[in-house]
Amino acid sequence: MTVWEEHNQKGAKETARRRSFKFFTLLSLILLCISISIFFASIHKTIVYAHFFYIPIILAAIWYKKRAIYIAILLGVMHIFSSIFTSPALGIFMESLGRASMLFIVAYTIGLISQRCEDAREELKSAEERYRTIFEHALTALCVVDAEGRILLANRQFEELVGLQAENLRGRHWTDFVAEEDAERARNYCESRRKGGAPACYLFKFINSKGERKYVNACMEPIPNSKECILSLLDITELKKKEEELRETCKKLEELDKMKRDFLNVAYHEMRSPLAPIVGYASMLEMCAHTEKERKYVRSIERCARQLEKMINRMLELARIDGEAVKLSIEKASVRKIVEQAVATLLTEAREKRHKISLSVPDVEIECDKQKILEVFTNLISNAIKYTEEGGRIEVIVEDRGEDIKCCVADTGIGIPKEHLPKIFERFYVVDTSLTRKSGSLGLGLSIVKEYVRMHGGKVWATSEVGKGSKFFFTLPKKQKEKREKEERGE
């Protein structure tokens, strides 16, 4: 039997006893008043005895509310008839009528007040029942503790968490179920919360009656105008187990990731080693070639070898970025000179496809790793040249925005479908088109662009429309945060 059921059973018995007492007490008083009225009427005495009638009327109004008016009518009529019977004078009749009216008024007024008090009690009782139901059936373990930390009330979830029935919990300290290492902190929790010196929730190690150790998230809230507190305990043992499993899995994944990076670094270096002699010997063979056909084959070997070397270098660079081995060499640099240098290296490719490259770059200086920003512009302009049909137009626009610069490389190329835009900066992601198949791209250039811009504290994004071209944007702060912090510290 729960605390509430036991409390309700005792309350029902007490209510039945009180009802019996009220009924017989009131009945006795009414009979007494009627007897007094009959007695004085029989001896023809005009003694004022009506004030005795107020006693049952007031009690009836308190106990039975507005229904006391019926008792007032009964006693009032009795008083009027007894007065007439004793002395038929008009004055006596009017006087008794006035007393009877006063009985009615008193009964109605006190009954009305009692009724409103009863309604308020019923509302309070209904609210109490609602909160009892919520308390008892809450999915969280709840208990009410006094200023000393003793348990006064506990719901079913708390009983299940602890492993004891409510009758065995009352009077015990809730800290009896807290692990020794957390006991001291738990003892002062309620008082600390009342003073505002403790957080709303704490993580405790909980030990139930069977000796099982659990992790609970305890939230204690002082009850206003009371020394009691309500304690909520959420069992997060399974969550902690999953967290530990996840932590172990992450640790293993980190180890596997490190093994993967180490393996790829070795593989990339081993793959790059044979390329140097291939390129060197291909150059020598070109000089020794006798026919144009032979020179064409040799140039094809050299071009493919250099292309492979470029891909391997990009993969190595991304591996170094992942391993945080890439550091920025910050210096002041002119953005216009960086853009002009990038265009100069790609001018031959642009002329072969009859592209027109226009620049709109202000003469502004920023703090950056010049070589890496050059690589960013080179990658974006190279892609614009590669994926724009012959006779296209490419624009490089840089906007000075005060704290930072906004750069844009726009082309009139084939464009990128909208659904691919969120993924184009991911590694090895290539939009499948005839031009991408011809280029043999691995989808690493834009990944490197994104990483270099991120390392400088900027952002990168793209917009595009199929058949009309693409625009690649990125921002760069004029001053690097790390350098500013060192200057502020005077280093």
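**Trp461, Asp404 and their sheet**

Modeller: In this predicted model, Trp461 is partly exposed, its relative accessible area being 32%.

Colleague: Why is Trp461 called partly exposed?

Modeller: Buried means under 20% relative accessible area and exposed means over 50%. The value for Trp461 is 32%, which lies between these cut-offs, so the residue is termed partly exposed.

Colleague: Why does Asp404 count as buried?

Modeller: The relative accessibility of Asp404 is 18%. Because the limit for buried is under 20%, Asp404 falls into that class.

Colleague: Where do these two residues lie, and what do they touch?

Modeller: Trp461 belongs to strand S11, residues 460–465. Setting aside residues up to four places away in sequence, Trp461 touches Lys406, Phe425, Lys471, Phe472, Phe473, Phe474 and Thr475. Asp404 belongs to strand S10, residues 404–411. Beyond its neighbours within four places in sequence, Asp404 has contacts that include Thr475, Leu476 and Pro477.

Colleague: What makes S10 and S12 a pair?

Modeller: Pairing requires at least two bridges between two strands. Seven bridges join S10 to S12 (residues 469–477), so the two strands pair, and they run antiparallel. Lys406 stands opposite Thr475 in S12.

Colleague: Which strands form the sheet, and in what order?

Modeller: The open sheet has five strands in the order S7-S9-S10-S12-S11, with mixed pairing.

Colleague: Why do S7 and S11 stand at the edges?

Modeller: S7 (356–360) and S11 each have a single partner strand, so one side of each lacks a neighbour in the sheet. Neighbouring strands of this sheet are turned by 15° against each other on average, direction ignored.

Definitions and conventions:
Residues are numbered from 1 along each chain as its sequence is written. This is a predicted model: local features need pLDDT of at least 70, side-chain atom pairs count only at pLDDT 80 or more; totals for chains, interfaces and linings use all residues. Side-chain values use heavy atoms; hydrogens and water are left out. Helices (H or I, at least four residues) and strands (E, at least two) are DSSP runs, numbered from the N terminus. Buried means under 20% relative accessible area, exposed over 50%, partly exposed in between (1.4 Å probe, protein chains only). Contact means heavy atoms within 4.5 Å. Axes are lines fitted to C-alpha atoms, for helices over the stretch in contact, and angles run from 0 to 180 degrees between N-to-C directions.
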